[in-house]
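Hi,

Here is the model I said I'd pass on. Have a look at it before reading my notes underneath.

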Amino acid sequence: MFDLDRWREIFQSINKNRLRSVMSGFTVAFAILLFTLLFGVVSGLSNSFTNAFNDDAQNSMFVRVWKTSKPFKGLQTGRRVQLRNDDYDFVAKEYEDKIQYQSARIYKNFSIKYKSEASNYNIRAVNPDHQFLEKTIIDEGRYLNERDLKEKSKVIVIGRLIKKDLFGEKIALGKRVNVNGSSFLIIGIFSDEGGDNEERMAYIPVTTAQMMYGNNDYISQINLGYNPNLSLDAAIAFGNKMERDLRKKLNIHPDDQSALSVRNMAEANKGVGQFMFVLYLIVIFVGSGTLIAGIIGISNIMIFVIKERTKEFGIRKALGAVPSSIVGMVVQESVLITTIAGYLGLSLGTYILSLIGNSLEEDYFIKDPSVSPGIVLGATIVLILSGLIAGYVPAKRAANIKPIEALRAD
């Protein structure tokens with residue numbers, strides 16, 4: 001492999017057949033370039049899908065209710081369906097082993113005031129597990145806890161931008177704000193990767209909201225995080241069963257999608273996974289086809305090279321050269337051309353992807369297209385194997401040349 005004389009002969013052969021070597025190498029380089037760009041684009045689409053769901057936990061489920069659109073069991077169309085605490089408790093008890101996190105949610109929009117600064121903000125009344133379902137990042141203080149719920153405490157966790165609006169650069173933690181006429185203690189400040197709207201929001205205990213704003217046990221929504229040990233199919237089956245059971249409990253027609261819906265992230269994840277799998281198959285098919293064309297091109301150039309060096313190989317064998325040395329030389333030359341050309345294509349492809357960056361995100365939903373180190377390693381292995389395959393047929397032909405026939409060749 002490190003025989004200096006062999007390497008000298010290989011480079012002499014490439015130099016003698018420069019045009020053919022360059023054209024064959026170009027095919028391989030183009031194949032790897034195309035594969036890199038396509039794989040980077042698919043990776044960018046995958047990043048966009050991931051980012052779209054980044055605001056919530058990947059194992060989330062959301063149970064929502066509205067008005068009925070179908071009559072059922074003597075109940076008329078247009079009936080307002082209302083979730084209550086006992087519905088929340090029913091889900092918690094019935095599916096305890098399938099639930100990782102669970103939170104109720106009540107939506108409010110109130111004025112929050114601190115001294116002379118005031119504005120209206122969305123407020124969610126929730127349970128402590130909501131922090132993990134919403135992927136809330138606590139920057140200062142703490143989130144809501146079970147004691148807050150039990151004591152129906154007037155405490156609030158505000159978003160980073162609410163703090164900026166009301167307090168500027170001053171300390172907000174531990175201060176009291178006026179929420180719709182009632183005093184609440186700020187116990188935490190959070191940030192959220194979901195963007196500005198999520199950070200102009202506040203959280204209070206669900207029990208406090210039920211006591212202060214209606215004195216009832218109404219809830220707007222039930223949020224769940226299914227057990228991450230469940231497969232996607234098992235999680236989808238769990239969501240479907242829970243939906244059927246809740247329809248039965250709330251007297252909702254089985255086909256009434258308006259009255260009750262369960263948004264299951266497992267279904268979205270499965271759909272995205274299947275879509276991305278198909279895209280990756282297409283990329284592999286297109287890239288492999290182009291790479292095969294390159295391999296055939298290199299194999300052809302090696303056949304021409306061997307034909308031109310027939311007498312040389314005959315003399316080598318007449319002087320005692322073993323077939324393996326000739327095979328090794330031909331294969332080594334093939335691997336060299338394939339590897340150099342392939343890495344040129346790979347380098348150019350990664351450079352182009354780096355130039356693209358996030359410029360395609362807004363119009364084409366392609367975020368940060370790139371190739372992972374694993375792909376680079378895989379490309380290296382593919383290139384070496386491609387070189388071996390490309391050189392195998394001509395190498396076998398060179399090894400089978402008989403000295404007498406070779407010396408008689410034109």
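**What I found**

Let me start with Phe167, which counts as buried because its relative accessibility is 5%. For that label, buried means under 20% relative accessible area, exposed means over 50%, and partly exposed is anything in between (1.4 Å probe, protein chains only). Bear in mind that this is a predicted model, so local features need pLDDT of at least 70 and side-chain atom pairs count only at pLDDT 80 or more, while totals for chains, interfaces and linings use all residues. Residues are numbered from 1 along each chain as its sequence is written, and side-chain values use heavy atoms, with hydrogens and water left out.

Phe167 has buried company in α6: Leu161, Ile162, Lys163 and Leu166 are the other buried residues there. Right after that helix comes Gly168, with a positive phi near 65°. (Helices are DSSP runs of H or I with at least four residues, strands are runs of E with at least two, and both are numbered from the N terminus.)

**Rings**

There are 10 aromatic pairs in the structure. The rule takes rings of Phe, Tyr and Trp (its six-membered ring) with centres within 6.5 Å; planes under 30 degrees apart are stacked, over 60 edge-to-face, and the rest tilted. One of the pairs is Phe39 with Tyr280, tilted at 40° between the planes and 5.0 Å centre to centre. This pair links distant parts of the chain, with Phe39 in helix α2 (residues 18-52) and Tyr280 in helix α10 (residues 265-308), 241 residues apart. Phe39 is buried at 14% relative accessibility, whereas Tyr280 is partly exposed at 24%.

Phe167 turns up again with Tyr114: the ring centres are 4.1 Å apart and the planes are at 35°, so that pair is tilted too. Tyr114 sits in strand β3 (residues 99-114) and Phe167 in helix α6 (residues 160-167), so the pair ties together parts 53 residues apart in sequence. Tyr114 is buried as well, at 15% relative accessibility. Back at Phe39 and Tyr280, Phe35 joins them in one aromatic cluster.

**Charges**

I count 13 salt bridges, where a side-chain nitrogen of Lys or Arg is within 4 Å of a carboxyl oxygen of Asp or Glu. One joins Lys249 and Asp87, at 2.5 Å from N to O. Lys249 is in helix α9 (residues 232-249) and Asp87 in helix α3 (residues 85-94), so they bridge distant parts of the chain, 162 residues apart. Asp87 is buried, with a relative accessible area of 2%, and Lys249 is partly exposed at 32%. Asp86 joins both of them in a network of salt bridges. Lys249 also lies over the face of Phe90, 5.9 Å from the ring centre; the rule wants NZ of Lys or CZ of Arg within 6 Å of the centre and within 35 degrees of the ring normal.

What does Arg105 form a salt bridge with? Its partner is Glu134, with the closest N and O atoms 3.4 Å apart. Both ends are buried, Arg105 at 4% relative accessibility and Glu134 at 2%.

**Whole chain**

The protein chain has 15 helices and 12 strands. Its C-alpha trace spans about 105 × 55 × 35 Å along the principal axes, and 43% of its 410 residues are buried.

Cheers
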